[in-house]
Amino acid sequence: MPASPFAPAPLPPMQLDSLYSAHRGWLAHWLQRRLGDAADAADLAQDTFARLLAGNLGQPQTPALRSPKAYLATVAKHLLINHLRRRSLEQAWLAALAEVPAQHAPSAEQQADILQALQAVDAMLDSLKPKVRAVFIMAQIEGHSYADIAVRLGIGERSVKRYMAEALTECVLLA
């Protein structure tokens, strides 16, 4: 499986320990300024270092970092984006759920399963190229025909079919 473009490079254990000691407080503060929530910021700071540690397991060591704050901020920024996306999706789900009459509301377990499925679909959509994502959403969510999508996006109907095939392949891989 190819490495994620956001996967951190492995660090020597001693360097990771000193990196944590020297920059954990700074990183938590940096995240808190962006989130406005100390608890979420502390969790994301820990997740950042956990990501670095996970990247270290069984990997060769790398030389010392030239700019540890920039390195940490880059890893944390990607985790922050994912956190905010999940939060937004969860809030939208809870708002939709609030509109459902109590007698038709799913159980707590079903709600958790649905939210997890929504997050998986969101991650899959986010991994698609912009045109592929646009075609998929227009066809599957908005109900447009391939001919209509082609006109709206200024592409050929053949491209629409190719983009849909690419998106559906990702859906199958997700399942």
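This report covers model confidence, one buried residue and one helix pair in a predicted model.

Residues are numbered from 1 along each chain as its sequence is written, and side-chain values use heavy atoms, without hydrogens and water. Local features need pLDDT of at least 70 and side-chain atom pairs count only at pLDDT 80 or more, while totals for chains, interfaces and linings use all residues.

The protein has a mean pLDDT (the predictor's confidence in each residue, from 0 to 100) of 85, and 86% of its residues reach 70 or more. Among its elements, helix H1 (residues 13-35) has the lowest mean pLDDT, 87, and H6 the highest, 96. Helices are DSSP runs of H or I with at least four residues, numbered from the N terminus. Two stretches fall under 50; contacts are heavy atoms within 4.5 Å.

| Stretch | pLDDT | Contacts beyond four places in sequence |
|---|---|---|
| residues 1-5 | under 50 | zero |
| residues 58-63 | under 50 | 10 |

Where pLDDT is low, the predicted coordinates should not be read in detail.

Thr48 lies in helix H2 (residues 38-56). Thr48 counts as buried (under 20% relative accessible area, 1.4 Å probe, protein chains only) because its relative accessibility is 0%. Leaving out residues up to four places away in sequence, Thr48 touches Leu27, Leu72, Val75, Ala76 and Leu79.

Helices H5 (residues 130-141) and H6 (residues 146-153) pack at about 135°, with axes 10 Å apart. Axes are lines fitted to C-alpha atoms over the stretch in contact, and angles run from 0 to 180 degrees between N-to-C directions. H5 is therefore oblique to H6, a class for angles that are not under 35, over 145 or 65 to 115 degrees. H5 contributes Lys131, Ala134, Val135, Met138 and Ala139 to the contact, and H6 contributes Tyr146, Ile149, Arg152 and Leu153.

Key:
Helices (H or I, at least four residues) and strands (E, at least two) are DSSP runs, numbered from the N terminus. Buried means under 20% relative accessible area, exposed over 50%, partly exposed in between (1.4 Å probe, protein chains only).
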